[in-house]
Amino acid sequence: MPTPSPSSSPARRAAPPPGGEALEKTALTLGFVPLTDCAPLVIGVEKGFFARQGLEVTLSREPSWSNIRDKLMVGLLDGAHMLTGLILAMTAGVGSFPTPTRAAHALGLNGNAITVSTELHAGMAAADPQAMAERPLTARALKRVIEANRAAGLPPPAFGVVFSVANHAYQLRYWLASAGIDPDRDVRIVTVPPPRMVASLKAGDIVGFCVGEPWNSLAVSEGVGRVLIAGCEFWNNGPEKVLGVLASWADAHPNSHRALVRALIEAQAWLDEPANRVEAAAILSQPRHLGVPRAVVERSLTGAFVSGPGEAPVAMPDFHVFHRYAATFPWRSHALWLLAQMVRWGQLDASADLHALAAGVYDAELHRQAQRDLGGAVPLIDLKLEGAHAGPWLLEEATAPIPMGPDLFFDRAIFDPTGPLLAARHAAPPASPATAVDRDGARAARER
């Protein structure tokens with residue numbers, strides 16, 4: 001059911017938005033799935049950032065991504081916290097009839113993890129203790145377990161993902177394939193809504209999953225799971241959710257869309273202040289949002305992450321990145337990586353014009369306008385080399401230099417969005433990583 005918004009109270013209405021434009025629509029309903037990275041929407045409501053932009057926002061908690069997609073398509077939602085892969089798939093007609101969508105804003109970076117049952121973890125440790133000692137962890141030990149089980153006549157193990165076109169699904173597939181595991185033959189990949197992941201692991205319906213927080217931490221807290229690799233270890237500062245709207249809605253409500261983006265930018269800046277993370281965890285843990293214990297939400301949100309039952313916390317300050325490192329910007333190179341994965345795994349025809357598809361969905365210019373309204377620095381390019389930076393670096397191609405974070409893939413691969421996109425693997429890392437490419441920005445069965 002929709003969650004009434006504190007920002008809808010007349011007492012909290014703000015002055016006209018900073019952009020000064022008349023808003024086409026002020027009462028908006030935004031959907032979200034209970035995941036920690038819905039935080040920008042929740043904080044936008046609870047801390048009054050939407051109200052400051054003249055918006056009255058109601059949040060609608062949805063049980064699955066198919067609910068989000070379907071409600072957006074029929075106009076029951078104005079916009080939503082959405083899987084990046086899903087918004088691209090909707091436009092491309094992957095898994096549903098083609099529905100043009102728009103993403104002018106990213107809700108953050110990182111946030112996922114691959115978790116397995118404690119039993120499978122023990123089996124992996126016994127099968128290849130040397131591989132299990134490596135960091136970042138590969139799937140080499142899992143391959144040995146799968147091979148042994150196959151020899152014993154056991155069926156392929158089942159892993160849960162939240163949607164077939166989710167970032168999580170591609171992270172899991174990539175991680176498995178890097179160790180020589182065929183994701184379509186050696187394992188079964190099944191769709192499980194995020195709130196059902198831990199229960200499915202407990203029941204033995206799946207032996208592992210790739211999902212966003214807080215569900216990895218809940219599996220650890222309840223003693224049924226162990227995290228193998230976090231999203232920030234798989235691809236540091238890789239893409240996660242976006243604000244998704246229909247293209248028709250964006251065209252009809254450009255000023256409201258821009259105000260929405262401004263509010264989210266401010267909410268995400270608030271979220272990235274370390275002093276605010278504990279308060280954010282308390283807000284998110286409430287039943288109308290995530291409905292899990294506050295201490296579980298704090299584990300990833302504060303960067304004191306616990307990977308296994310009884311283990312000491314490990315510092316992962318970039319487990320969730322909401323604002324720093326240009327985290328709100330809709331990088332078209334992120335979209336192209338996901339589209340290349342769709343082609344790789346047979347979901348999208350190799351003849352598709354991936355650049356045109358990404359450019360049609362990702363509206364970087366509206367985001368730039370919103371950032372300029374707020375006086376913030378914004379990238380002047382739409383694409384960048386992904387996977388080239390082992391440490392902090394500076395994005396010079398911006399209205400003012402922007403400090404950026406490391407962006408390594410766990411296998412040290414490089415994704416060049418201006419090069420061949422359809423290779424099964426990325427190219428080898430160059431000797432001297434570049435900082436950015438493409439300097440002019442223009443350049444170059446339904447699931448239930």
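**Group meeting: a five-stranded sheet, two cis prolines and two odd asparagines**

Okay, let's start with the sheet: it's open, it has 5 strands, and the order is 9-8-10-7-11, with mixed pairing. Keep in mind that what you're looking at is a predicted model.

So what stands at the edges? That's strand 9, residues 188-191, and strand 11, residues 225-230. Each of those has just a single partner strand, so one of its sides is left with no neighbour in the sheet. Going from one strand to the next, the twist averages 25°.

Let me zoom in on one edge. Strand 8, residues 158-161, and strand 9 run parallel, and 4 bridges join them. If you want a spot to click on, take phenylalanine 159: its bridge partner in strand 9 is isoleucine 189.

Now, which helix packs on this sheet? It's helix 8, residues 167-177. Helix 8 touches strand 7 (112-117), strand 8, strand 9, strand 10 (208-212) and strand 11. As for how it lies, the direction of helix 8 makes about 135° with that of strand 10.

Right, on to the backbone, and prolines to begin with. Go to the loop between helix 6, that's 129-132, and helix 7, 140-151, and you'll find proline 136. The peptide bond leading into it from arginine 135 is cis, with omega near -5°.

There's another cis peptide bond between glutamate 213 and proline 214, and here omega is about 15°. Where is proline 214? It's in the loop between strand 10 and helix 10, residues 215-221. And strand 10, remember, is one of the strands that helix 8 touches.

Last topic: positive phi. Asparagine 110 isn't a glycine, yet its phi is positive, about 65°. This asparagine is part of strand 6, which covers residues 109-110. Buried or exposed, then, for asparagine 110? It counts as buried, because its relative accessibility is 5% and the cut-off for buried is under 20%.

Asparagine 237 is also a non-glycine residue with a positive phi, near 60°. You'll find asparagine 237 in the loop between helix 11, residues 231-234, and strand 12, residues 242-246. With a relative accessible area of 6%, asparagine 237 is buried.

So if you open the model afterwards, have a look at proline 136 and proline 214 for the cis bonds, and at asparagine 110 and asparagine 237 for the positive phi values. That's it from me.

Definitions and conventions
Residues are numbered from 1 along each chain as its sequence is written. This is a predicted model: local features need pLDDT of at least 70, side-chain atom pairs count only at pLDDT 80 or more; totals for chains, interfaces and linings use all residues. Side-chain values use heavy atoms; hydrogens and water are left out. Two strands pair if DSSP finds at least two bridges between them. Axes are lines fitted to C-alpha atoms, for helices over the stretch in contact, and angles run from 0 to 180 degrees between N-to-C directions. Contact means heavy atoms within 4.5 Å. Buried means under 20% relative accessible area, exposed over 50%, partly exposed in between (1.4 Å probe, protein chains only).
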